[in-house]
Amino acid sequence: MQKIKSLMSRQGLKSPQESMADMSPVENFRIPSKEELRELREQPIDPQAEQEIIDSIEEVYFSSDSFDMVQYELEKLPPDLNLQELEEYRDKLKRQQAAVSKKVADLILEKQPSYVKELERVTSLQTNLQLAAVMCTNARRQLSFAKEGFTEASLGLLANQRRRQLLTGLLKSLRTIKTLQRTDVRLSEMLEEEDYPGAIQLCLECQKAASTFKHYSCISELNSKLQDTLEQIEEQLDVALSKTCKHFDVSHYTKVQLAYSLLGKTQTAMDQLHMHFTQAIHNTVFQVVLGYVELCAGNADTKFQKMQYKDLCTHITPDSYIPCLTDLCKALWEVMLSYYRTMQWHEEHDKEEAADPDTDGTSNESPGDSTVGRSYVKKKLEHGLSRIWQDVQLKVKAYLLGTDMSNFKYDDFIVVLDVISRLMQVGEEFCGSKSEVLQESIKRQSVNYFKNYHRTRLEELRMFLENETWELCPVKSNFSIAQLHEFKFMGQCRSPSVSPSRQPASSEPVELSLFEQYTQGGNPFEMQIDNKEEETEDVLASNGYESDELEKSVYQDYDSDSDVAEELKQDFVDEQTGDIPAKSVSRETLRSRKRSDYNLNKANAPILTNTTLNVIRLVGKYMQMMNILKPIAFDVIHCVSQLFDYYLYAVYTFFGRNDMYESSGLGLISSRLRTTLNRIQESLIDMEAGGESVGPHGPPEERKEKVPSPHLSQLVVLTASGTLYGLAERVVATESLVFLAEQFELLQPHLDTMMPPAKKPFLQQFYSQTVSTASELRKPTYWIVAAKAIDYEQMLLLMAGVKWDIKEIMSQHNVYVDVLLKEFEQFNKRLGDVSRQVRIPLPVSNVLWEHCIRLANRTLVEGYANVKKCSNEGRALMQLDFQQFLMKLEKLTDLRPIPDKEFVETYIKAYYLTENDMEQFIKNHREYSMKQLANLVNVCLGSHINKKARQKLLAAIDDIDRPKR
């Protein structure tokens, strides 16, 4: 089929008849003529048989046009040829050829009309192409005539007009170029005037104009020059931006921001601004510290300039530490204030833009980009707050930890805490930070400082106590700890983290933040020692002298504390008034003062000593430190409790410890007080420090926390009967302790608010087990006075001389009652004498009378128990004596009921009990001694108790006594 198609394509425009005539012999042989084809078609062949013949043709005959069928058939011949087989095979091939030829003839005749039709179309196309060629020739000829018909004159006119227009534009361009060449001078002037927006606007216009004329060679140089100028403007703009970090100026910053807005670099400007703030913080603190270090070094050594900031901080001297810290905080405040005002400027600017969007028409940014830019700036500024504050904290931390402050004076250290506290307040208002870095560093310094400070104060307190003569400190009757300047901070309404000296004097309904207060000027750290000299306290009572000269001479004549260290004496002098305390004035001098001016018997005048006042001041100082720095609150409160513990232990050691009287069995020291004293002795008192040869046995750190037990001053005499065995000193000591406890009770709510929640049980335990026991110390202290003030032994001797086995009722009491009452009257008189020196509070008076009466009653029982023989009338006489004693005693004292009254009456009446009642009495009344109970049984023998009953009762007494043994 492919060969047939190729033959048809080579026939060209020939007719089918001509095509058939021109075929080669081979082709004529292979393709039958028309008549042959018709004959072939007319032959009756079964189509199915014909198709089977065609299908029997081998596939290889249809493989390709280049197939050589002759070669193929020859190669197929067997080596041995058989003529018959060859003829049969030839006939088969002929049948196949005939079938194929007939099939081809059918196909050719079938497509004949289509072939003829297509050939006609080709002939028509050839004719149309010849006509188009003629038309093109004619058109070319006409165009040639038109070209020759145009005159050169008309085209020349048009060319000249065009040239004129070009030259006019060129002249305009040259004038613009001339103007551009002169702009660099104006740009320099504008930069000197700091008109950055104008300079950038001019430069951008010049660049735009230069880009229009960039095809001129002279403009390329000018363009590069303008680009350099623009970069120079950006550099100067960056410098101008950095200046706002230390001293913010609204107009200056507005210019800079407008300039960056013209450049379309608002976000870049914000990134640069934060870098400048970081750099400003570093440079500022370095320069401040370097200035002080070089000033203290006193030489021009440049080695300090090459040091790292952290190393430089270690060269600050203690004298220059606080001024340097203050200047450091002032400088950092300026940087943070600039940042705060920068944020304010952007907030106001955003509000203005939101209100009037057309105001930002000078910016090169689209409205959408402008909104994105403002959002970026806002977020960047907000994120920068904590970053700036973190840098500030790290710089101040390095400064704080660069110096050991453990040996600073208290006031100096409070100033440091004060400054850092104010700085932390600044940080909280600046970015809401809790300043963990600053808190941790100041906590480390505070704990270190406070340990040394407290140790020194305890030693100082011991020295005060050992030199204390326990005389009254003459304070005013309305004295309150709030009047002491150490407690001024408690009366000021402020944040607990703010220092007392920082509180503004006026109280406004809405307190302004520090940034709002000092936006227009000033510095919160300039109030460092504000009005410190003006803080006065008027707590000492009037001396009553007519002239200062007399007062001075009296003080100069008395020099009892000449052996005390100078700095200790200074603590006794009032810091503000310079008054010398009453401790250095003799008792005789006090008595000679006018009663109208200074009366020690005022009912409401507090009883306290200089040492008490000193402890109260110390507590105030501790609370100041705790108030400023809450993280060490528990450590400070623990030390505050040690001050009270040591004072209580000293008063007990000096006036209340006496083993002979403690064994009286009257329960003078409660179990709670005993536990408290044992705890203080174990945890605070260094018992091994007393002996010189005794080496420390406890751990060094543990002993370091303890203080040696104090010793009573030799000036205090407790053995003189004329002074009721130092009753005045005892009253001052115990009542000053009670007063101290009362002040602690007043401070409890304040201490409770500062105590960490986890540590509050410690504070509650301290108050319930220690502070509340102060008044219980009165009993053992005044028991010694009561035991010695009245001669109980004499009374026993007088009672022993009385005959009790009388036979008749007596109407007159015995002499020993009068002697005992005389002793009480004498005691009352001496008590009055002491009260003229020191006010004796009612609880003290009651305790004294209670002790004396209790001892007298027990002496009476002891005297009655010594009686060998007694009759019913004798028992009646005992009751008469006791009733007489009670009647007279009630006139001397207001104490009701009379202590141990039932103790005596019950013992006297027990004489009348029967055997069974007596046995029950013995079991129920353990308060009587074995001797007293045995005597009661023995005396009753013969009257209403027989010997058998006596043996039984004595055995019962012995049974009671056995567990005790």
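Tyrosine 449 is a good place to start in this predicted model, since this residue is buried, with a relative accessible area of 0%. Tyrosine 453, a little further along, also counts as buried, at 6% relative accessibility. These two tyrosines sit 4 residues apart in helix α17 (residues 436-467), which puts about one helical turn between them. It helps to remember that an α-helix has 3.6 residues a turn, so residues three or four places apart point the same way.

How are the rings of tyrosine 449 and tyrosine 453 arranged, stacked or edge-to-face? Their centres are 5.5 Å apart and their planes make an angle of 20 degrees; with stacking set at under 30 degrees, the pair is stacked. Tyrosine 453 has another partner too: arginine 457 lies over the face of its ring, at 4.4 Å from the ring centre.

Phenylalanine 450 pairs up with tyrosine 622, and here the geometry is edge-to-face, because the planes meet at 70 degrees, with the ring centres 4.7 Å apart. Phenylalanine 450 belongs to helix α17 while tyrosine 622 belongs to helix α22 (residues 610-628), so this pair ties together parts that are 172 residues apart in sequence. Phenylalanine 450 and tyrosine 622 are both buried. Put the rings together and one aromatic cluster appears, formed by Tyr410, Phe413, Tyr449, Phe450, Tyr453 and Tyr622. Across the whole structure, there are 34 aromatic pairs.

Zooming out, the protein chain has 37 helices and just 2 strands. Of its 965 residues, 43% are buried. Among contacts in the chain with a separation of 6 or more, 80% come from residues 24 or more positions apart.

Threonine 773 gives one example of such a long reach. This threonine is in the loop between α28 (760-769) and α29, and it counts as buried at 0% relative accessibility. Threonine 676 is 97 residues away along the chain, yet the C-alpha atoms of threonine 773 and threonine 676 are separated by 8.3 Å. With neighbours within four places in sequence set aside, threonine 773 is in contact with Leu648, Arg672, Leu673 and Thr676.

After that loop comes helix α29 (residues 778-789), whose length can be checked with simple arithmetic. At 1.5 Å a residue, its 12 residues should span 16 Å, and the end C-alpha atoms are indeed 16 Å apart, so the two values agree. Is this helix enclosed or exposed? The helix is largely enclosed by the rest of the structure, because 10 of its 12 residues are buried. The buried ones are Arg778, Pro780, Thr781, Tyr782, Trp783, Ile784, Val785, Ala786, Ala787 and Ala789.

Next, helix α30 (residues 792-800) packs with helix α31 (residues 815-837): their axes come within 9 Å and cross at roughly 170 degrees. Angles over 145 degrees count as roughly antiparallel, and α30 and α31 are therefore roughly antiparallel to each other. On the α30 side the contact is made by Gln794, Met795, Leu798 and Met799, and on the α31 side by Tyr816, Val819, Leu820 and Glu823. Met795 and Met799 turn up again as contacts of threonine 859, along with Tyr792 and Leu796, once neighbours within four places in sequence are left aside. Threonine 859 itself is in helix α32 (residues 842-865) and counts as buried, at 9% relative accessibility. Arginine 858 has its charged end over the ring of phenylalanine 903, 4.5 Å from the ring centre.

Finally, a few spots in the backbone stand out. Most residues other than glycine have a negative phi, and most peptide bonds are trans. Tryptophan 470 has a positive phi, near 55 degrees, without being a glycine. This tryptophan is in the loop between α17 and α18 (514-517) and is buried, with a relative accessible area of 1%. Leucine 724 likewise has a positive phi near 55 degrees. Its place is the loop between β2 (707-708) and α27 (727-754), and leucine 724 counts as buried at 0% relative accessibility. As for the peptide bonds, the one joining arginine 896 and proline 897 is cis, with omega about -10 degrees. Proline 897 is found in the loop between α33 (872-892) and α34 (901-909).

Key:
Residues numbered from 1 in each chain as written. Predicted model: local features only at pLDDT ≥ 70, side-chain atom pairs only at ≥ 80, totals over all residues. Heavy atoms only, no water. Expected span 1.5 Å × (residues − 1). Buried < 20%, exposed > 50% of the residue type's maximum accessible area, 1.4 Å probe, protein only. Phe/Tyr/Trp six-rings, centres within 6.5 Å; stacked < 30°, edge-to-face > 60°. Lys NZ or Arg CZ within 6 Å of the ring centre and 35° of its normal. Contact = heavy atoms within 4.5 Å. Axes fitted to C-alpha atoms, helices over the stretch in contact; angles between N-to-C directions. Parallel < 35°, antiparallel > 145°, perpendicular 65-115°, else oblique.
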